Amino acid sequence: MTLNINKPLRAAPLQISDGETASAFAVKPPFMHALGKALTERMSGPGGAYNIGNLIGLCQGIGAQLLVSRDPNQLPWADAPSVIGHYLTGNFAAVAMTTATAIFFASGEVYHHAWNGRRRPSETVNRLGDFLSGVGAVCLGLALFELGHPFLALTSGLLHCVGKFGSACHRSGVPIFGMPVRGPDPFRAMVLLSRVPAIMAAVSGLYASLFGIEGGQPQHWSTPASLLACYLLWSWADLLLFRPSEPHATDDRTAD
């Protein structure tokens, strides 16, 4: 008995319906990929940079308070609600700081809506973001002054709020007090300048904590590092807000 192996094998072609191709064989994007893309779009622009910094600062402050106030005789995080409540509303400075943080989150959201999908923002909405940020800066200044930081209260608070309120009232490219417009927007520059003392203080605190330099109240390196990250993000958002004053910046949408 012999086997004929020279005869070619023929297989019936596989028939796949359009429905099967679309459902069973189509490659669908993973949920995490879609979520990451949505978050990237949501946190883009100055509003996103502001609120990422706000979130880092809030989480770091609450985390540090939980670690400092932890009772070794209790279960971990058992007293977390009371500690967080005291951190947010324990005294006047805490209430002022919490109010400032909430307003800054709201202003970041407004900035996001003003800039979403645009190269030039909706001017009316952008001004609302400036105004809210100015109100938040007033509350921040009060909190810093109450905590015993008068210089930071004057810069991060007063200088910041003057710059933001000025941006809310002043149209980019319009002369101020009849003076010709030269260089960057002065009110935007004022806000950016208000970040410098706080950045220097964060760098100094980080250097002291890393190299064990004694001076004042000791702190873990994560506290000044987080503050530095926050102020750098906020400064980047400040720089992004300079773009409406650029004469060559055009928008493919209709700006208000």
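**Exercise 1. Determine whether Asp130 is buried or exposed, and find its salt-bridge partners.**

Step 1. Asp130 has a relative accessible area of 1% and is buried. The cut-off for buried is under 20%. The structure is a predicted model, and the values used throughout these exercises are computed from it.

Step 2. One partner of Asp130 is Lys164, with the closest N and O atoms 4.0 Å apart. Asp130 belongs to helix H6 and Lys164 to helix H7 (residues 150–169), so this pair ties together parts that are 34 residues apart in sequence. Lys164 also counts as buried, at 1% relative accessibility.

Step 3. Another partner is Arg188, whose closest approach to Asp130, between N and O atoms, is 2.8 Å. This pair links distant parts of the chain, 58 residues apart, with Arg188 in helix H8 (residues 186–210) and Asp130 in helix H6. At 8% relative accessibility, Arg188 is buried.

Step 4. Through shared partners, the salt bridges join Asp130, Lys164 and Arg188 into one network.

**Exercise 2. Describe the salt bridge between Glu123 and Arg127 and the setting of each residue.**

Step 1. The closest N and O atoms of Glu123 and Arg127 lie 3.1 Å apart. The salt-bridge rule asks for a distance within 4 Å, and the pair forms a salt bridge.

Step 2. Both residues sit in helix H6 (residues 123–146), where they are four residues apart, and therefore about one helical turn separates them.

Step 3. Glu123 is partly exposed at 27% relative accessible area, whereas Arg127 counts as buried at 18%. The boundary between these two classes is 20%.

Step 4. By the rule used here, the count of salt bridges comes to four.

**Exercise 3. Work out how helices H5 and H6 are oriented towards each other.**

Step 1. Two packed helices are described by the angle between their axes and the distance between the axes.

Step 2. For helix H5 (residues 92–115) and H6, the angle is about 165 degrees and the axes are 8 Å apart. H5 is therefore roughly antiparallel to H6, the cut-off for that class being over 145 degrees.

Step 3. The crossing of H5 and H6 is left-handed.

**Exercise 4. Characterise the surroundings of Tyr87.**

Step 1. Place the residue: Tyr87 is in helix H4 (residues 80–89).

Step 2. Assign its exposure: with a relative accessibility of 26%, Tyr87 is partly exposed.

Step 3. List its contacts: leaving out residues up to four places away in sequence, Tyr87 touches Gly61, Ile62, Gln65, Ala94 and Thr98.

Step 4. Take one of these contacts, Thr98. Thr98 is 11 residues from Tyr87 along the chain, and their C-alpha atoms are separated by 8.7 Å.

**Exercise 5. Summarise the protein as a whole: its secondary structure, burial, contacts and surface.**

Step 1. The secondary structure comes to nine helices and zero strands. Along the sequence the pattern reads α-α-α-α-α-α-α-α-α.

Step 2. Of the 256 residues in the protein, 34% are buried.

Step 3. Among contacts with a separation of 6 or more, 69% are between residues 24 or more positions apart.

Step 4. The accessible surface comes to about 16300 Å², and carbon and sulfur atoms account for 67% of this surface.

Terms used
Residues are numbered from 1 along each chain as its sequence is written. This is a predicted model: local features need pLDDT of at least 70, side-chain atom pairs count only at pLDDT 80 or more; totals for chains, interfaces and linings use all residues. Side-chain values use heavy atoms; hydrogens and water are left out. A salt bridge is a side-chain nitrogen of Lys or Arg within 4 Å of a carboxyl oxygen of Asp or Glu. Helices (H or I, at least four residues) and strands (E, at least two) are DSSP runs, numbered from the N terminus. Buried means under 20% relative accessible area, exposed over 50%, partly exposed in between (1.4 Å probe, protein chains only). Contact means heavy atoms within 4.5 Å. Accessible areas come from the Shrake-Rupley method with a 1.4 Å probe; for residues, only the protein chains shown count as cover. Axes are lines fitted to C-alpha atoms, for helices over the stretch in contact, and angles run from 0 to 180 degrees between N-to-C directions. Angles under 35 degrees count as roughly parallel, over 145 as roughly antiparallel, 65 to 115 as roughly perpendicular and the rest as oblique. A crossing is left-handed if the near helix is turned anticlockwise from the far one by less than a right angle, and right-handed if clockwise.
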